[in-house]
Amino acid sequence: MDPSEVEFLAEKEAVKIIPNFSLDKIYLIGVSWLTATCRQRQKCRIVPPEWMDVGKLRRQVGRKTFTPVPSPYYMELTKLLLSHASDNIPKADEIRTLVKDIWDTRIAKLRLSADSFISQQEAHAKLDNLTLMELNTTRSFLLDTLNCMYKLPQDH
Amino acid sequence: METQSYLPVPPGVGMEENFLSLDDILLSHERLPSRTECTFPRLGFLEKSSDSRDIQEGTKMEMPLFLAKGLYERKRRVVSVELPKVYKEGWRTVFNADPTVVDLHKMGPYYYGLGSQLLHFDSPENPEIAQAVLQTFIGRFRRTMDSSQNAYNEDTSALVERLDYLERALFKAGQSGLNSFQNWERGRASTITASSLVLNYRKRKITDLQP
């Protein structure tokens, strides 16, 4: 799977906006791709989602195990919102660094568990709270390795 | 999106070989020390060291894998294959001790492939060979994973040179995953770039036009 495909799936997530124009109805919730377009045309302001807050993210970085993610698409949403609307979001740079830290920690843990999975030759592993993007980066490598591991020692 | 107009056939893993895979074809050219169990009449010209007309029974020669596999039969009438030294007891203990140190490219760039194909020849050490190959793979896996996932935009030739071809294919898969993720993160995933074929063609055309 391509990262662009994962991003496409992520864009279905709802994000709050405050539109600058008025229509007959005032929509206060938009879908990510729609809000990105609106923002580019300067028609609205984006309200950052509740989890995108420096304090909350800092607490998230400190945790050791695979905790529930702030949002199943946190990586993609961060990238989209920060690239289009960084002035609407307070402390954008800090948020970017914190999200990157969370990502790095989770990926490192994922690799550690993949390594112990393979070195003990388990047939089955369970890992909760993984996001699609993280899975996607390791998918082809892990599947190929498991294929090799399964087929190499077979004797007739 | 990565679409290729030409998808190469991957090598078969384990005891099968893919007939159309270039890697497997190259693998089958690896030579194995073997011993003939019966005379091959009038084929003496193949054996340069002796002058006789036939190849005598009991001659030791080196045969490529495809030939040995074709001639081998369970009743052992035609050829018997000896294990190359990388798969023998001595080297197996080395691999057991520390698999990451060995330069697998030098040991025969198709260590895993040849090891799996050797299992066809019914040697009494087959289970140990299979185990050794598997344990080496598992031992080296961690290093391959780390190096493939952490080397972005660097020259990877130093990392790759001690790996055998199977590990290189895995390394490439890991690198491509990493590269596509980094590309996406920098926002370059949706930029349209000219295809390298078009660029090369255009270059050649301009030099043609200029006198």
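Here are a few worked exercises on chain B of this predicted model.

**Exercise 1. Work out how far to trust chain B, and which of its helices has the lowest mean pLDDT.**

Start with the whole chain: mean pLDDT is 81 for chain B, with 92% of its residues at 70 or more. Next, go element by element. Helix α3 (residues 89–97) of chain B comes out highest at 88, while helix α8 (residues 196–209) of chain B sits lowest at 66. Where pLDDT is low, don't read the predicted coordinates in detail. For the complex, the predictor reports an ipTM of 0.78 and a pTM of 0.79.

**Exercise 2. Find what the annotated region of chain B is made of.**

First, get the boundaries: an unreviewed UniProt entry lists "domain: GINS subunit" at residues 89–185 of chain B. Now look at that stretch. Residues 89–185 of chain B are 69% helix and 0% strand, and the C-alpha atoms at the two ends are 49 Å apart.

**Exercise 3. Classify the ring pairs B:W91 with B:F95 and B:Y112 with B:F137.**

A search over all chains turns up 10 aromatic pairs in the whole structure. In one of them, B:W91 and B:F95 are 6.0 Å apart centre to centre with 40 degrees between the planes, so the pair counts as tilted. These two residues are four apart in helix α3 of chain B, so about one helical turn separates them. B:W91 is partly exposed at 27% relative accessible area, whereas B:F95 is buried at 3%.

Then take B:Y112 and B:F137: their centres are 5.6 Å apart and their planes make 90 degrees, which is edge-to-face. B:Y112 belongs to helix α4 (residues 111–118) of chain B and B:F137 to helix α5 (residues 126–150) of chain B, so this pair ties together parts 25 residues apart in sequence. Both rings are tucked away: B:Y112 is buried at 1% relative accessible area, and B:F137 is buried at 2%.

Last step: put them together. These four residues join B:Y87 and B:Y111 in one aromatic cluster.

**Exercise 4. Which side chains of strand β1 of chain B are buried, and what stands opposite B:S34?**

Walk along β1 (residues 31–36) of chain B and the side chains alternate. B:L32, B:S34 and B:T36 point to one face and are buried; B:R31, B:P33 and B:R35 point to the other and aren't.

Now check the partners. β1(B) runs antiparallel to strand β2 (residues 60–64) of chain B, joined by five bridges, and there B:S34 faces B:M61. β1(B) also pairs antiparallel with strand β3 (residues 79–81) of chain B over three bridges, with B:S34 opposite B:V81.

Terms used. Residues numbered from 1 in each chain as written. Chains lettered and ligands numbered in written order. Predicted model: local features only at pLDDT ≥ 70, side-chain atom pairs only at ≥ 80, totals over all residues. Heavy atoms only, no water. UniProt positions renumbered as here; feature names shortened; annotations may be inferred. pLDDT = per-residue confidence, 0-100. Phe/Tyr/Trp six-rings, centres within 6.5 Å; stacked < 30°, edge-to-face > 60°. Buried < 20%, exposed > 50% of the residue type's maximum accessible area, 1.4 Å probe, protein only. Pairing = 2+ DSSP bridges.
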